[in-house]
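Please look through the structure shown here and read the notes that follow. They deal with backbone angles, strand pairing, one helix, an aromatic pair and charged side chains.

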Amino acid sequence: MKIAVYPGTFDPITHGHFDLIERASLLFDKVVVAISASPGKNPALDLATRIALAREVSAGLDNVEVIGFSGLLTDLMTDQRARIVLRGLRAVSDFEYELQLANMYRAQAPELESVFLTPAVENSYISSTIVREIAKLGGDVSRLVHPRVAETLRKHYNT
């Protein structure tokens, strides 16, 4: 069984994330969306909320599972019996960082392979950071995220 793990903070999950999840679900037998607690990043949304939103957004994809995790990704990969780390590349500027991560994963666990997907052009400019900033300032993020995510952000930022 080909299992891919798509790790990230998903603070919040965007149309760009979903685009990658949906396409990965066609490529792999199982896709595990692994949402990192990421306390060092000080996420705007708590882990339980991020997990619930990702589950709602990906509900129609039968071979996608959403979980939360803390700790090393390589340990999670072992727990999930997965060898494929899925990562997204929006722009050339993402590549250097992602290459460093891929090499670090390989140094820790040589059996792991990193697979990179690029989002559809209409999602290539979307980032969680930009979505949070727009939402925080009371802007409309409905074209960037699932309606439930937009609603959650409006409530979170009281806009």
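## Report on the predicted model

Asn-42 has a relative accessible area of 65%, so Asn-42 is exposed. The model in which this value was computed is a predicted one. Asn-42 belongs to the loop between β2 and α2. Its phi is positive, about 50°, although Asn-42 is not a glycine. Most residues other than glycine have a negative phi, and most peptide bonds are trans.

The loop between β1 and α1 also departs from these habits. Phe-10 is found in that loop, and its phi is positive too, near 50°. Pro-12 has its place in the loop between β1 and α1 as well. The peptide bond that leads from Asp-11 to Pro-12 is cis, with omega near 5°. A further positive phi, of about 55°, is taken by Arg-81, just after α3.

Phe-10 is also part of an aromatic pair, and the structure holds one such pair. The ring centres of Tyr-6 and Phe-10 are 5.1 Å apart and the planes stand at 90°, so the pair is edge-to-face. Phe-10 counts as buried because its relative accessibility is 4%. Tyr-6 is buried as well, with a relative accessible area of 5%.

Next come the strands. Strand β2 (residues 30-36) runs parallel to strand β3 (residues 64-69), and six bridges join them. Between β2 and β3 the chain passes through helix α2 (residues 47-57), in a right-handed β-α-β crossover. Val-31 stands opposite Val-64 of β3. Strands β4 (residues 84-88) and β5 (residues 113-117) are paired in the parallel sense too, over five bridges. Gly-88 has Leu-117 as its bridge partner in β5. With helix α4 (residues 92-108), β4 and β5 make a right-handed β-α-β unit.

Which residues of helix α3 (residues 73-80) are buried? They are Leu-73, Thr-74, Leu-76, Met-77 and Gln-80. Seen down the axis of α3, these buried residues fall within an arc of 155°, so they line one face of the helix. The elements that cover them include β1, β2, β3, β4 and α4. The face of α3 turned away from the buried side carries Thr-78 and Asp-79, which are exposed.

The structure holds eight salt bridges. Three of them are set out below.

| Salt bridge | N to O distance |
|---|---|
| Glu-65 and Lys-30 | 2.9 Å |
| Arg-148 and Glu-151 | 3.9 Å |
| Glu-151 and Lys-155 | 3.1 Å |

The pair of Glu-65 and Lys-30 links distant parts of the chain, since Glu-65 lies in strand β3 and Lys-30 in strand β2, 35 residues apart. Glu-65 is partly exposed, with a relative accessible area of 29%, and Lys-30 counts as partly exposed at 22%.

The other two pairs lie in helix α6 (residues 147-157). Arg-148 and Glu-151 are three residues apart there, about one turn of the helix. Glu-151 and Lys-155 are four residues apart in α6, again about one turn. An α-helix has 3.6 residues a turn, so residues three or four places apart point the same way. Arg-148 is partly exposed at 31% relative accessibility, and Glu-151 is partly exposed at 29%. Lys-155 is exposed, with a relative accessible area of 56%. Together with Glu-56, the residues Arg-148, Glu-151 and Lys-155 are linked in a network of salt bridges.

Conventions. Residues numbered from 1 in each chain as written. Predicted model: local features only at pLDDT ≥ 70, side-chain atom pairs only at ≥ 80, totals over all residues. Heavy atoms only, no water. Pairing = 2+ DSSP bridges. Right-handed = clockwise from strand over helix to strand, strands pointing away. Phe/Tyr/Trp six-rings, centres within 6.5 Å; stacked < 30°, edge-to-face > 60°. Buried < 20%, exposed > 50% of the residue type's maximum accessible area, 1.4 Å probe, protein only. Arc of directions from axis to C-beta. Contact = heavy atoms within 4.5 Å. Salt bridge = Lys/Arg side-chain N within 4 Å of Asp/Glu carboxyl O.
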